[in-house]
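Me: I'm new to reading protein models and would like a close look at one part of this one. Please start with the overall picture, then zoom in.

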Amino acid sequence: SVREDKTTQYVITKTKHHNKYLITISPNKFVLLITSGMLSTSVSVTSRLLYRGLGSIPAPLYDDSIIEPLGFPSNDNLHRSRNGVRVFDLLEGNGATALRCLYNMLLKECTVSKRVDQGKTVHAHVAKSLFRCEVVMNNTLLNMYAKCGSLEEARKVFDEMPQRDFVTWTTLISGYSQHGQPIDALVLFIQMLRDGFIPNEFTLSSVVKAAAAAEPRGCCGQQLHGFCLKCGYDLNVHVGSSLLDMYTRYGLMDDAQLVFDALESRNDVSWNVLIAGHARRCGTEKALELFQRMLREGFRPSHFSYSSIFGACSSTGFLEQGKWVHAYMIKSGEKLVAFAGNTLIDMYAKSGSIHDARKIFDRLAKRDVVSWNSLLTAYAQHGFGREAVCLFEEMRKAEITPNEISFLSVLTACSHSGLLDEGWHYFELMKRDGIVPKAWHYVTIVDLLGRSGDLDRALRFIREMPIEPTAAIWKALLNACRMHKNVELGAYAAEHVFELDPDDPGPHVILYNIYASGGRWNDAARVRKKMKESGVKKEPACSWVEIENAIHMFVANDERHPQREEISRKWEEIYAKIKDLGYVPDTSHVVVHVDQQEREVNLQYHSEKIALAFALLNTPPGSTIHIKKNIRVCGDCHSAIKLVSKVVEREIIVRDTNRFHHFRDGTCSCGDYW
């Protein structure tokens, strides 16, 4: 295509080469080849100026992949460029003025490459041109600033526009909505209506998105839904997808489903929004159901779809379902990019398959800091301290700058593995790297000192911290006191926790156990009375296993399962074998004041032991057993499962609220501290 302006004496020709333009300024003088790199940089020059007396002979097009200076060193060329956008110097030097299409080309390039400084230069030229009052040109400027996140500049352009149309309003509303200023978007929308402009589907989708971000759950979004209904846009796929996102963020999944079912047409965005909404709300089964329905209706999953499903399986430990989706992703020919790959690492790690998580990390096409952090966190959760330290050093050698999450992960890994010297080293390194430690970094150091048994040093560390100790910091000290049976310091730490977080039942239970295990039943009774008066209730313990895509859940003394008799016989068989290896029931973990024999009986019917017996009955010999528990594993069950792993010659992986325990050959990866 050729555009010509006889008054300015230059021609813009779009070449056969992708995204390349040829500008001829006076046929006998200059020829400029412009590509997507036409804006000047401080590194190289990609535009090519050919000094030739051409007459009527067209200038040859050169291969623009070879970067060369414009006939003189690039630094000198940049120095000679007064305005930072070289083409304006050339035009002005030859007495030519820019056409609208040239401004549009330059502003589009600024928008795509997010180069707002050069965009401001173009804006300055537009302000002196014949197009300064045109609505379309000002909308293009407004869009450039909004897409680049320069909302103050965008608002300035908006306020100075002599005329506006609905595109003007929609552009700024979208900018506010997409860059974390939802209140400004809602206020501007009201002004738009007052000025008599009628919104379209793009305006409404941006406003609904702003409403979802502006309030956790309120009437504003529902009022906007009613407005969309009156305007006839409620069935539009763009508006409908925003409404879906709004209702899922509000937690109103039934309303979201109604919106989804009513849509006249659906695209991959609407499917992804609903799947992601269920995934965020731990609705893994529903998310998987929607994913399968999406496939049946002929939609191709995107990386967002896979990421949501892997995240859902990760939160619930649905390993088999996650493997099925992963297999489908491979068969579909999808590349393992960081976005979906990071959640896949997390899924395998939280499902207990730490080695599979490492394989995924090694196969990622490209790794970002989140990829490294995902595997570091996985090693920390599984207590693989040495592996985490090696990975952290590998990360630094790869010139990936660790952030506060990276340091938190390696510190947690050191804490879970008892690597005291390494933990202190990384804590000091973090401060040298300019990262200010947060409360959770201090928690890991208190836990690290507590594991080593140096409780006095841990208390001194808390008192000397530059921040006010949080409930989590005192909980770490309380847990250390439980492990080392320090009753007095445990009571001191517990009082601080009660003051900072009175609604958490965990510390009350830990203190009760400390008193009960020490035989101080009067003090234990006082803690229980305080819990009752405060309305704090202990969360009932339950354990579950996944076998053949079905979840089997158990509670203590569970008599509801169809296989209860076989489970009881299996545990009695295992119990006899581990007693021969030296197992002695630790009745200090029975917090009810009853006689010794009854305590021993109560211990044998904890939920994790029932789940283990069930798994032994229903899984092939030699396979790994995965058990999840909603609270911390009890000490007696921990001792028993260690011996069971030796008796049955199988690896048993137990995931509780604190970490993963890998039981193998009579030992546990936690080193008996958790």
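What percentage of the 674 residues in the protein do the buried residues make up? After that, please look closely at strand β8 (residues 625–629) and what surrounds it.

Reply: Before we start, keep in mind that this is a predicted model. Buried residues make up 51% of the protein's 674 residues. The chain has 32 helices and 11 strands. Take the contacts between residues at least 6 apart in sequence: 60% of them join residues at least 24 apart.

Now for your strand. β8 belongs to an open sheet built from 6 strands, in the order β7-β6-β8-β9-β10-β11. Strands in a sheet are held together by backbone hydrogen bonds, and they can pair either parallel or antiparallel. The pairing in this sheet is mixed. At the edges sit β7 (550–555) and β11 (667–668), each of which pairs on one side only. In the sheet order, β8 comes between β6 and β9, so let's take those two neighbours in turn, keeping in mind that strands count as paired here if there are at least two bridges between them.

On one side is β9 (residues 652–655), which runs parallel to β8 and is joined to it by 4 bridges. You can pick out partners across the gap: Ile 625 has Ile 652 as its bridge partner in β9, and His 626 stands opposite Ile 653.

On the other side is β6, which pairs with β8 in the antiparallel sense over 2 bridges. Here Trp 544 stands opposite Lys 628 in β8. So the two kinds of pairing mentioned above both show up around your strand: parallel with β9 and antiparallel with β6.

How many of the residues of β8 are buried? The count is 5 of 5, so the strand is mostly covered, with "buried" meaning under 20% relative accessible area. In a regular strand, side chains alternate between the two faces of the sheet. You can follow that idea here: Ile 625, Ile 627 and Lys 629 point one way, while His 626 and Lys 628 point the other way. The residues on both sides are buried, and the two lysines are among them.

Next, step over to β6 and look at Cys 542, which lies in that strand (residues 542–547). Is Cys 542 buried or exposed? Its relative accessibility is 13%, so it counts as buried. Leaving out residues up to four places away in sequence, Cys 542 touches Met 553, Phe 554, Val 555, Ser 607, Lys 628, Lys 629 and Asn 630. Two of the names on that list, Lys 628 and Lys 629, you have already met in β8. Cys 542 and Asp 558 are 16 residues apart along the chain, and their C-alpha atoms are separated by 9.7 Å.

For contrast, let's visit some helices elsewhere in the chain. Gly 341 lies in helix α17 (residues 338–350). With 0% relative accessibility, Gly 341 counts as buried. Apart from neighbours within four places in sequence, Gly 341 is in contact with Leu 336, Ile 360 and Leu 364.

Helices pack against each other too. α8 (residues 182–194) and α10 (residues 219–231) pack at an angle of about 35°, with their axes 14 Å apart. Their crossing is left-handed. Leu 186, Phe 189 and Leu 193 from α8 meet Cys 220, Leu 224 and Phe 227 from α10. By class, that makes 6 nonpolar residues in the contact, with no polar and no charged ones.

The UniProt record, an unreviewed entry, places the feature "repeat: PPR" at several stretches, including residues 134–164 and 504–538. Residues 134–164 are 74% helix and 0% strand, with the end C-alpha atoms 9 Å apart. Residues 504–538 are 77% helix and 0% strand, and their end C-alpha atoms also lie 9 Å apart.

One last oddity. Most residues other than glycine have a negative phi. Glu 399 has a positive phi of about 65° although it is not a glycine. Glu 399 is found in the loop between α20 (385–397) and α21 (404–417). Unlike the buried residues of β8, Glu 399 is exposed, with a relative accessible area of 72%.

Key
Residues numbered from 1 in each chain as written. Predicted model: local features only at pLDDT ≥ 70, side-chain atom pairs only at ≥ 80, totals over all residues. Heavy atoms only, no water. Axes fitted to C-alpha atoms, helices over the stretch in contact; angles between N-to-C directions. Left-handed = near helix turned anticlockwise from the far one by under 90°. Contact = heavy atoms within 4.5 Å. Nonpolar A, V, L, I, M, F, W, Y, C, P; charged D, E, K, R; others polar. UniProt positions renumbered as here; feature names shortened; annotations may be inferred. Buried < 20%, exposed > 50% of the residue type's maximum accessible area, 1.4 Å probe, protein only.
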